[in-house]
Amino acid sequence: MPQKVVVIYSGGMDSFTVLHKAIADGHEVYALSFNYGQRHVKELLCAKNVCEELGVPHKVVDISAINQLLAGSSLMAPDSTHEDIQIPEGHYAADTMKSTVVPNRNMILLSLAVGYAVSLNARAVYYGAHSGDHFIYPDCRPEFVHKMNDVCQVANYEPVDIVSPYLSQTKIEILRDGLAMGLDYSKTWTCYNGREKACGKCGSCQERLEAFELNQATDPLAYEG
């Protein structure tokens, strides 16, 4: 049944597809993005532009103050709190990609999104965990999602469902679904480096390029080199 939902929308291709899936399902969607000090803050501009185009209510919340508690991730922009850890190159299967883990990120983001959902009388929070993330990111694995959902049934007077529509699917399958919906992925940002063009070498870029190739489609983003 159509209902009011919050979508955690990073501006990347997975959450872009989730956003459109929630809209296509007839839900009243409220998009929520977070600036947590990520190096690839360019994704937030993509999120803003898409939501303006769609007329979807969109909040961008600055939670970068938590960075003084979180360290050790290459995704975080270097500052007085964080050393400059270079974004690793290679596929997600490589052990080096573990440096892109931001400690407890999804638990933090989901907790805030659930609070927002309760204030809106929304019944669910959507986010884009998928099977390709399971190897590297513990907070994208089914056991995390299911237990987080259990907690969010009892954390407030109003139960809120945690919904990950692509939890058991790969990025290849997510893209296939999005292409079937006619989505324009030039409106997304995937690269972990926040430069003018995507690097094409980090795990995020490689997974994206692989998804396009296996769907026999051309990635509309411009890449370095």
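Two residues are in contact when they have heavy atoms within 4.5 Å of each other. Keep that in mind as we look around this predicted model, where local features need pLDDT of at least 70, side-chain atom pairs count only at pLDDT 80 or more, and totals for chains, interfaces and linings use all residues. Residues are numbered from 1 along each chain as its sequence is written, and side-chain values use heavy atoms, leaving out hydrogens and water.

Let's start with four cysteines. An unreviewed UniProt entry gives the feature "binding site" at Cys191, Cys199, Cys202 and Cys205; such annotations may be inferred rather than shown by experiment. Here are two of them; buried means under 20% relative accessible area, with a 1.4 Å probe and protein chains only.

| Residue | Place | Relative accessible area |
|---|---|---|
| Cys191 | loop between H5 and H6 | 1%, buried |
| Cys199 | loop between H5 and H6 | 7%, buried |

Which residues does Cys191 touch? Leaving aside neighbours within four places in sequence, Cys191 is in contact with His40, Ala198, Cys199, Cys202 and Cys205. With residues up to four places away again not counted, the contacts of Cys199 include Tyr223 and Glu224.

Now meet helix H6, residues 203-214. Helices here are DSSP runs (H or I) of at least four residues, numbered from the N terminus. The expected span is 1.5 Å times one less than the number of residues, so the twelve residues of H6 should span 16 Å, and its end C-alpha atoms are indeed 16 Å apart. Among the buried residues of H6 are Cys205, Arg208 and Phe212. The cover over the buried residues of H6 includes helices H1 (13-24) and H5 (171-180).

Conventions:
Helices (H or I, at least four residues) and strands (E, at least two) are DSSP runs, numbered from the N terminus. Buried means under 20% relative accessible area, exposed over 50%, partly exposed in between (1.4 Å probe, protein chains only).
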